[in-house]
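Me: I am in my first year and would like a close look at a single part of this model. Could you take me through one helix slowly, and then show me how its surroundings fit into the whole?

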Protein chains: 2
Amino acid sequence: MGATKLNIHSKDINTIAVVAKVFAHPARVSILQYISKQESCICNDIVDEIGLAQSTISQHLQVISKAGLLKGNFKGNSLCYCLNLERFQEFQELFNSFFNATKFNCC
Amino acid sequence: MGATKLNIHSKDINTIAVVAKVFAHPARVSILQYISKQESCICNDIVDEIGLAQSTISQHLQVISKAGLLKGNFKGNSLCYCLNLERFQEFQELFNSFFNATKFNCC
DNA sequence: TATCAATATCGTAATATTGCAATATTACGA
DNA sequence: TCGTAATATTGCAATATTACGATATTGATA
């Protein structure tokens, strides 16, 4: 018990949920906003900015990265992430088509 | 430890996270889609439709309802929820302004 | 009022998420 | 190559979420 049942839902519905999950934590929303405002981005700056431990930020970054929302230079001891703008817009469109497809009212 | 730190983030950022959390579970996405397709909505129908226990659906409905996404007749033994279209569109706009405000790229 | 059907709540178990400290890894420069 | 700074990983504890069965509640109707 307790585990989310994925197999009973359509692929589209699960996709929406997975994408929403990325934005469902304030630290990740903060990180995304912060990255989008920088010329280049160094994780250590984010740590000072967001106010969570370095390891915690690193984990959140991994979640964001796995969702495909980052691109850039991941080598070296001072990384330079960027927003993957294409992917980000894909997400926006995904949400919008969900919202638009769900707008029919019943009463 | 383990509890999400809300106080270190701005109100806007927390709001995005709270709203995203509603859509961050496939059952809730399913429920929203289902409701939007019905003339009237009876929870027991949803149970058959979604494939989760009645109590589980009821809990998810509560989450959706607390987010303000439902309106309608909540009295009687056969309820008639509807999507709160205004609120739903508010959410869509919230997401879009977040997406649009975060579109600046760094590299 | 007694019953029934629909929905909500409670209690609990399973799983997931969050966060941190400690440690490991990595790549650069001396 | 050695040290160092930056980032990643690991291990663990705390908390949150998900799900279900059992039970309670609610409102309509006989």
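Reply: What follows looks at helix H1 of chain A, then at the loop after it, and then at the two chains together.

Please keep in mind that this is a predicted model. Helix H1 of chain A covers residues 11-22, and because each residue should add 1.5 Å, its twelve residues are expected to span 16 Å, which agrees with the 17 Å that separates its end C-alpha atoms.

Which residues of H1(A) are buried? They are Ile13(A), Asn14(A), Ile16(A), Ala17(A), Val19(A), Ala20(A) and Val22(A). When you look at such a list, it helps to remember that an α-helix has 3.6 residues a turn, so residues three or four places apart point the same way. The cover over the buried residues of H1(A) comes from both chains, and includes helix H2 (26-37), helix H4 (54-66) and helix H5 (85-101) of chain A, together with helix H1 (11-23) and helix H2 (26-37) of chain B.

In the loop between H1 and H2 of chain A you will find His25(A). With a relative accessible area of 15%, His25(A) counts as buried, because the cut-off for that word is under 20%. The side chain of His25(A) reaches the backbone nitrogen of Ala27(A) at 3.0 Å, and, leaving aside residues up to four places away in sequence, His25(A) touches His60(A) as well as Thr4(B) and Ala17(B) of the other chain.

Now turn to how the chains are arranged. Chain B is superposed on chain A by a rotation of 180 degrees with 0.0 Å of shift along the axis, at an RMSD of 0.0 Å, and the two copies are therefore related as by a two-fold rotation axis. Both copies use the same surface, since 100% of the contact residues of chain B recur in chain A. Among the residues of chain B, the one that comes closest to the rotation axis is Ala20(B), whose C-alpha lies at 2.7 Å.

Where the chains meet, 50 residues of chain B are in contact with 50 residues of chain A, and the area buried between them is about 4300 Å², with 67% of it given by carbon and sulfur atoms. The rule finds zero salt bridges across this interface, but it does find nine residue pairs in polar contact. On the side of chain B that touches chain A, the elements giving two or more residues are H1, H2, strand S2 (80-83) and helix H5 (85-101) of chain B, and the largest share, eleven residues, comes from H5(B).

Definitions and conventions: Residues numbered from 1 in each chain as written. Chains lettered and ligands numbered in written order. Predicted model: local features only at pLDDT ≥ 70, side-chain atom pairs only at ≥ 80, totals over all residues. Heavy atoms only, no water. Helix = DSSP H or I, 4+ residues; strand = E, 2+ residues; numbered from the N terminus. Expected span 1.5 Å × (residues − 1). Buried < 20%, exposed > 50% of the residue type's maximum accessible area, 1.4 Å probe, protein only. Contact = heavy atoms within 4.5 Å. Least-squares fit on C-alpha atoms with pLDDT ≥ 70 in both. Buried area = accessible area lost by both parts, 1.4 Å probe. Salt bridge = Lys/Arg side-chain N within 4 Å of Asp/Glu carboxyl O. Polar contact = N/O pair within 3.5 Å; in protein donor to acceptor, adjacent residues only side chain to side chain.
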